[in-house]
Amino acid sequence: MLIQTIILCSLAFANAKDANVLMTEVFAIALDPPMFNWTYEGIKDQFVYQASLLDAPDLPSWINYIYSEQHRSGFLYGVPPKVIDNIPLEIVALNKKTYETRVENLNIVISEKLNSAKYEVHLKIDNLNVEDMFDVVRMESLKNVFRKELWKNSAFDLYVTLLNSAVELGARKPPNPREGEGVVIRLGSETAFSTELIELQKEVTPLSNLPSCPRNFKKTSVERYFREAGFVLDWCSFHLVDNNNSAMHRTNELVKDDYYMHGDVWQSISKFDVPQRSYYNELMVSLLVPVLILIILGLFLSFLLCFHHDELASHIYDMTSDQISYSETIHRPSESIRSFNRETTLSPDLCSHSNSPNSTMNRGVHCRPSPPPYVKPRGTPDL
């Protein structure tokens with residue numbers, strides 16, 4: 001089985017295509033239908049590509065992949081580390097119309113670049129995407145701004161040392177989907193910075209404390225050169241990179257940092273190498289804090305009830321006493337009225353005896369009010 005695997009790998013290397021790249025310089029490899037002996041038929045999203053290391057699940061950290069609707073192709077791009085090596089890649093293509101799958105092997109051959117950049121200019125372009133910078137004409141337009149106006153001594157060795165999406169580096173996507181996401185790019189040269197670049201750095205130094213500038217926030221004295229070429233720069237991100245932080249030193253940190261490589265064999269990370277984290281403290285805090293708050297609230301409410309208990313009892317006693325005295329006051333006049341009525345009813349002056357035989361009432365005491373005294377009308381004769 002091992003011999004068969006070695007034979008298959010040898011055949012893959014023999015049939016693989018080579019892509020030569022240079023250290024510290026951005027490369028871009030197009031993945032298109034002719035690479036897999038297919039013909040583009042004008043159907044949108046007809047082809048899908050997936051790239052990875054040979055016999056590995058993913059790409060190295062310094063290789064990025066993006067599919068461009070504008071070019072109808074996929075692109076592998078990045079900056080090689082400062083190590084002379086051959087990186088075998090496996091690219092799988094799918095035709096979504098016929099569901100046919102084809103595989104191509106690609107060897108990225110890293111070579112040393114003579115006269116690597118020692119000085120770099122860091123730029124952030126707001127109105128473009130990464131795929132726009134794969135256009136050779138647009139890239140040359142940006143370089144010509146420096147070659148002809150700002151960094152004339154770098155006309156013979158100016159090249160791109162960094163290219164990445166601003167969103168991938170932590171920037172936010174624009175609110176308008178039609179606007180570009182932004183591109184972070186560095187142009188490097190072995191030639192020292194010109195006087196124009198140094199003056200431009202001094203001009204934008206007050207903006208260096210801001211993480212990013214809104215579009216059209218600041219205009220500089222060289223704004224017209226970039227506007228004419230179709231570039232809108234974020235001047236808060238503009239700065240010069242000297243020899244100590246140049247591409248020559250930066251690429252030493254990019255040597256296969258995401259993979260554990262031993263020879264030509266990729267080995268996955270072991271379970272024991274995965275960092276462990278204890279959730280004991282978080283669990284205790286999530287349990288103890290609510291319990292303590294509940295206890296404190298219970299004690300506080302108990303204190304309030306105990307403190308106001310005596311006042312509440314005395315208040316209730318006073319209310320009860322007032323009600324009892326009020327009822328007694330009302331009861332006494334009613335008793336007086338009833339006793340008066342009883343005495344008046346049984347009084348002999350107000351009672352008369354009826355001895356009429358035609359009376360249907362029982363004989364006895366019949367109480368009625370006394371008639372008023374007789375008063376003789378005026379003008380009547382005496383009888």
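1. A residue is called buried here when its relative accessible area is under 20%. By that criterion both Glu120 and Arg186 are buried. The two residues form a salt bridge, with their closest N and O atoms 3.7 Å apart. Glu120 belongs to strand 8 and Arg186 to strand 10, and the pair links parts of the chain that are 66 residues apart. The model under discussion is a predicted one, and the points below should be read accordingly.

2. The other salt bridges deserve a short survey. The structure holds eleven of them. Side chains of opposite charge can pair when their charged atoms come close. One example is Glu41 with Lys97, whose closest N and O atoms lie 2.7 Å apart. Glu41 sits in the loop between strand 2 and strand 3 (47–53), while Lys97 sits in the loop between strand 6 (86–95) and strand 7 (100–111), so this pair ties together parts that are 56 residues apart in sequence. Glu41 has a relative accessible area of 46% and is therefore partly exposed.

3. A further salt bridge joins Arg277 to Glu282, and here the closest N and O atoms are 3.1 Å apart. Arg277 is exposed, at a relative accessible area of 58%, whereas Glu282 is partly exposed, at 38% relative accessibility. In addition, Lys124, Asp126 and Asp234 are linked in a network of salt bridges.

4. Strand 5 (residues 73–78) merits attention for its cover: six of its six residues are buried. In a regular strand the side chains alternate between the two faces of the sheet. In strand 5, Ser73, Phe75 and Tyr77 point one way, and Gly74, Leu76 and Gly78 point the other way. The residues of both sets are buried.

5. Which strands pair with strand 5? Strand 2 (residues 27–31) pairs with strand 5 in the antiparallel sense, over five bridges. Within this pairing, Ala30 has Phe75 as its bridge partner in strand 5. Strand 4 (residues 63–68) also pairs with strand 5 in the antiparallel sense, over six bridges. Here the bridge partner of Tyr67 is Gly74. Strand 4 and strand 5 form a hairpin with four residues between them. Arg72, in the turn of that hairpin, has a positive phi of about 55°.

6. Strand 5 also contributes to the interior. The largest nonpolar core has 37 residues, and those with the most contacts inside it are Leu142, Phe146, Ile185 and Phe226. Two or more residues of this core come from each of strand 5, strand 8 (119–125), helix 2 (136–150), strand 9 (159–165), strand 10 (183–189) and helix 3 (195–203). Helix 2 gives the largest share, five residues. In soluble globular proteins, nonpolar side chains tend to be buried together.

7. Not every nonpolar group is in the interior. Leu288, Val291, Leu292, Ile295 and Leu299 make a nonpolar surface patch of about 480 Å². Leu292, one of these residues, lies in helix 6 (residues 280–307).

8. Two loop residues may be examined for their backbone angles. Thr24 lies in the loop between strand 1 (17–22) and strand 2. Although Thr24 is not a glycine, its phi is positive, at about 65°. Tyr99 lies in the loop between strand 6 and strand 7. Phi of Tyr99 is near 60°, again a positive value in a residue other than glycine.

9. Are these two residues buried or exposed? Thr24 has 1% relative accessibility, so Thr24 counts as buried. Tyr99 has a relative accessible area of 63% and is therefore exposed.

10. The surroundings of Thr24 involve remote parts of the sequence. Thr24 and Gly188 are 164 residues apart in sequence, yet their C-alpha atoms are 9.5 Å apart in space. The side chains of Thr24 and Tyr159 are joined by a polar contact of 3.2 Å.

Terms used: Residues are numbered from 1 along each chain as its sequence is written. This is a predicted model: local features need pLDDT of at least 70, side-chain atom pairs count only at pLDDT 80 or more; totals for chains, interfaces and linings use all residues. Side-chain values use heavy atoms; hydrogens and water are left out. Buried means under 20% relative accessible area, exposed over 50%, partly exposed in between (1.4 Å probe, protein chains only). Two strands pair if DSSP finds at least two bridges between them. A polar contact is a pair of N or O atoms within 3.5 Å; within protein, one must be able to donate a hydrogen and the other to accept it, and residues adjacent in sequence count only if both atoms are side-chain atoms. Patches are made of residues with over 30% relative accessible area and no salt bridge: like charges are joined within 9 Å, nonpolar side chains (Val, Leu, Ile, Met, Phe, Trp, Tyr) within 5 Å. Accessible areas come from the Shrake-Rupley method with a 1.4 Å probe; for residues, only the protein chains shown count as cover. A salt bridge is a side-chain nitrogen of Lys or Arg within 4 Å of a carboxyl oxygen of Asp or Glu. A nonpolar core is a set of buried Ala, Val, Leu, Ile, Met, Phe, Trp, Tyr and Cys residues joined through side-chain atoms within 4.5 Å.
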